[in-house]
Amino acid sequence: MANEEDDPVVQEIDVYLAKSLVEKLYLFQYPVRPASMTYDDIPHLSAKIKPKQQKVEVEMAIDTLNPNYCRSKGEQIALNVDGACTDETSTYSSKLMDKQTFCSSQTTSNTSRYAAALYRQGELHLTPLHGILQLRPSFSYLDKADAKHREREAANEAGDSSQDEAEEDVKQITVRFSRPESEQARQRRVQSYEFLQKKHAEEPWVHLHYHGLRDSRSEHERQYLLCQGSSGVENTELIKSPSEYLMMLMPPSQEEAKDKPVAPSNVLSMAQLRTLPLADQIKILMKNVKVMPFANLMSLLGPSVDSVAVLRGIQKVAMLVQGNWVVKSDILYPKDSSSPHSGVPAEVLCRGRDFVMWKFTQSRWVVRKEVATVTKLCAEDVKDFLEHMAVVRINRGWEFILPYDGDFIKKHPDVVQRQHMLWTGIQAKLEKVYNLVKETMPKKPDGQSGPAGLVSGEQRVQAAKTKAQQNHVLLERELQRQKEQIRAPTVPPNVWIKEEPLSEEGEDEEEQDAEEEEPMDTSPSGGLNNRMANGLPAGRAAGGDSFNGHPPPGCASTSMARELRAFVEATFQKQFVLTLSELKRLFNLHLASLPPGHMLFSGISDRMLQDTVLAAGCKQILVPFPPQTAASPDEQKVFALWESGDMSDQHRQVLLEIFSKNYRVRRNMIQSRLTQECGEDLSKQEVDKVLKDCCVSYGGMWYLKGTVQS
């Protein structure tokens, strides 16, 4: 008792278990360095990994200008390894040992007792480690030097002995054929050390991209170390009720277990289901039902379950389609599984099923032939996808199985907006994989039923004009009501109603503007101009309405322009080179950190973003991509900060001029061009800094950031 009084509890800290990186997080242990130097300060030239063996090799630069570096020794090592002549296969192209390779080895095979911890705002977030690798210097260059030395000695001996040797007599040889290998012999050969070494050597290297500590991608990935749901949905392992603890301490005897009736392995009663953690209950229900309204899910889980916790849990295993929840594809088709019909891997099945789900976010009707044509999957697989979430109607196609749930949409606009952003990302991937063409014309109105088909542009324009004329009175009333709500303090300022032109000429001008300027994907209505987004009718999607890429009426455009320019300038001060695709991704992250109702939610078009970038002192670099490139149009638009005010501006400008004429460049070419333009006194550290700011190394070549296609 006295000891407890002398050592009181100072603070209680909540512990959360993060699972986002549970199978991807590795700990790299580098050799000890001085405290004043971090490995992030040393340029990482390249890195590669063999995933099956968990083997990593990292190539890092050596500071050859350091007073402790012996230049004569570095030149001697480079001469022994590469010889007098240097070519593309040389290890040290600068005729100096200016880099060092680190090779990994596993410290322990059991990493279940280790985790990475992140303490933030009074909470401790733990992520289990998948592997711990120690990086140690590799001296393979010494083996290469010894091999070169032996080759030279053998060549010299062969030259001396060839003068004295007479022509050898022709000898008879005997050809033997090996016996058929028995099963036991084959098993011994497979288990031998030589066979395992050969198999490990055959595994190909996968080249990696290194991102520094202050890189935006590193900051984005670091967020996954935080538990996504603070309510405990993800932390069921750390939360046990008293009855569960008692069951763990005193499990039921085997005799009691035998008395219970044995049910099929795939059958779980509701009583057994409610003994599981909430996250597992939601997952099992969605996996079996596949499509369910939120109200039905709450009734199955029971009245005592918190709806907020269920909302957080359902978003991890399902996607919102027309106000209803549809189980995610990776839940039905886990990794390393395949189709029972065609044998295609799970990744292809998930992509095809996501396309079907996305089609149902656009319309209540889907045609199976269209899905099979786009996804290139067999008819049985496509039929399985559709039977999960739709019913067939003769001569009409497949209709979504549940009615549109408008009540859920009205009650949970924040969930709808989050789901819409997820669908926008999925849509971008599908467009890239399946080469989908973006539609800029409106869909058919709800009153028209029937399967989706090819509609000409004139028919779509005429349908839009007819609908605008019919609903003109309703739109005016709705506009007046929304303006009154905007003036009220309780309505978020980012909810707007799009004003339709009254005349046909005005409609033609509006359609022409929409064709000239497509809205950016980060806006809630970006991408395809859809009639329905995550089950939300167009014009009511959370985050505002900017279908034509223009800000809504009454928006303070000057303030919004200042906010956008401040974001662009701050972003390019951190990263000097960005593609339009990467800039839009960073802008998405910036929007996610802003409070609801911020003026930037009103809709930023691609043209507005590019104009702001050019006005902020950046220039577009016309990189000559190869004809067979898989890069999207946004990935081919490269922007760079031309003047930042530091001493490296001239070096960066020379580098950017090089990449305006070349897609990829070798380091020696960059070095010679910089020396030619900036003088002979250019140090290696200055070259490394410019390359680290603007380029990435891949396969021995240098590319501008964001342009390499692995």
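Modeller: Two strands count as paired if DSSP finds at least two bridges between them. The model discussed here is predicted.

Colleague: In the hairpin of strand 6 and strand 7, which residue takes a positive phi?

Modeller: Strand 6 (115-120) and strand 7 (residues 123-128) pair in the antiparallel sense over six bridges. Their hairpin has two residues between the strands. The residue with a positive phi, near 55°, is Q121.

Colleague: What is the bridge partner of L118 in strand 7?

Modeller: The antiparallel pairing of strand 6 and strand 7 can be followed residue by residue. A117 has L126 as its bridge partner in strand 7. For L118, the partner in strand 7 is H125.

Colleague: Which are the edge strands of the open sheet with the order 1-7-6?

Modeller: This open sheet has three strands and mixed pairing. An edge strand pairs on one side only, and this holds for two strands. Neighbouring strands of the sheet are turned by 25° against each other on average, direction ignored. The edges are strand 1 (14-17) and strand 6 (115-120).

Colleague: In which sense do strand 2 and strand 8 pair?

Modeller: Strand 2 covers residues 26-29 and strand 8 covers residues 131-137. One of the bridges links Q29 to Q134 in strand 8. Over four bridges, the sense of this pairing is parallel.

Colleague: What is the bridge partner of Q106 in strand 8?

Modeller: Strand 5 (residues 99-106) is joined to strand 8 by five bridges. These two strands run antiparallel. The partner of Q106 in strand 8 is L133.

Colleague: Is helix 4 parallel or oblique to helix 5?

Modeller: The axes of helix 4 (residues 183-191) and helix 5 (residues 193-202) come within 5 Å and cross at roughly 60°. Angles under 35 degrees count as roughly parallel and 65 to 115 as roughly perpendicular, so a crossing of roughly 60° falls in neither class. Helix 4 is therefore, relative to helix 5, oblique.

Colleague: Which residues in helix 5 are met by R189, V190 and Q191?

Modeller: R189, V190 and Q191 lie in helix 4. In helix 5 they meet Y193, F195 and L196.

Colleague: Is D649 buried or exposed?

Modeller: D649 belongs to helix 26 (residues 649-659). The relative accessible area of D649 is 11%. Because buried means under 20%, D649 is classed as buried.

Colleague: Which side chain does a polar contact of 2.7 Å join to that of D649?

Modeller: Not counting residues up to four places away in sequence, D649 touches W642, E643 and S644. A polar contact of 2.9 Å joins the side chains of D649 and S644. At 2.7 Å, the side chain joined to D649 is that of R652.

Colleague: What is the relative accessible area of T707?

Modeller: T707 lies in the segment after strand 22 (701-704). Leaving aside residues up to four places away in sequence, T707 touches F625, V638 and Y663. T707 is buried, and its relative accessible area is 0%.

Colleague: How many disulfides does a search of the whole structure find?

Modeller: A disulfide is a covalent bond between the sulfur atoms of two cysteines. C70 is partly exposed at 42% relative accessible area, whereas C350 counts as buried at 12%. For the whole structure, the number of disulfides found is zero.

Technical notes:
Residues numbered from 1 in each chain as written. Predicted model: local features only at pLDDT ≥ 70, side-chain atom pairs only at ≥ 80, totals over all residues. Heavy atoms only, no water. Disulfide = S-S within 2.5 Å. Buried < 20%, exposed > 50% of the residue type's maximum accessible area, 1.4 Å probe, protein only. Axes fitted to C-alpha atoms, helices over the stretch in contact; angles between N-to-C directions. Polar contact = N/O pair within 3.5 Å; in protein donor to acceptor, adjacent residues only side chain to side chain. Contact = heavy atoms within 4.5 Å. Parallel < 35°, antiparallel > 145°, perpendicular 65-115°, else oblique.
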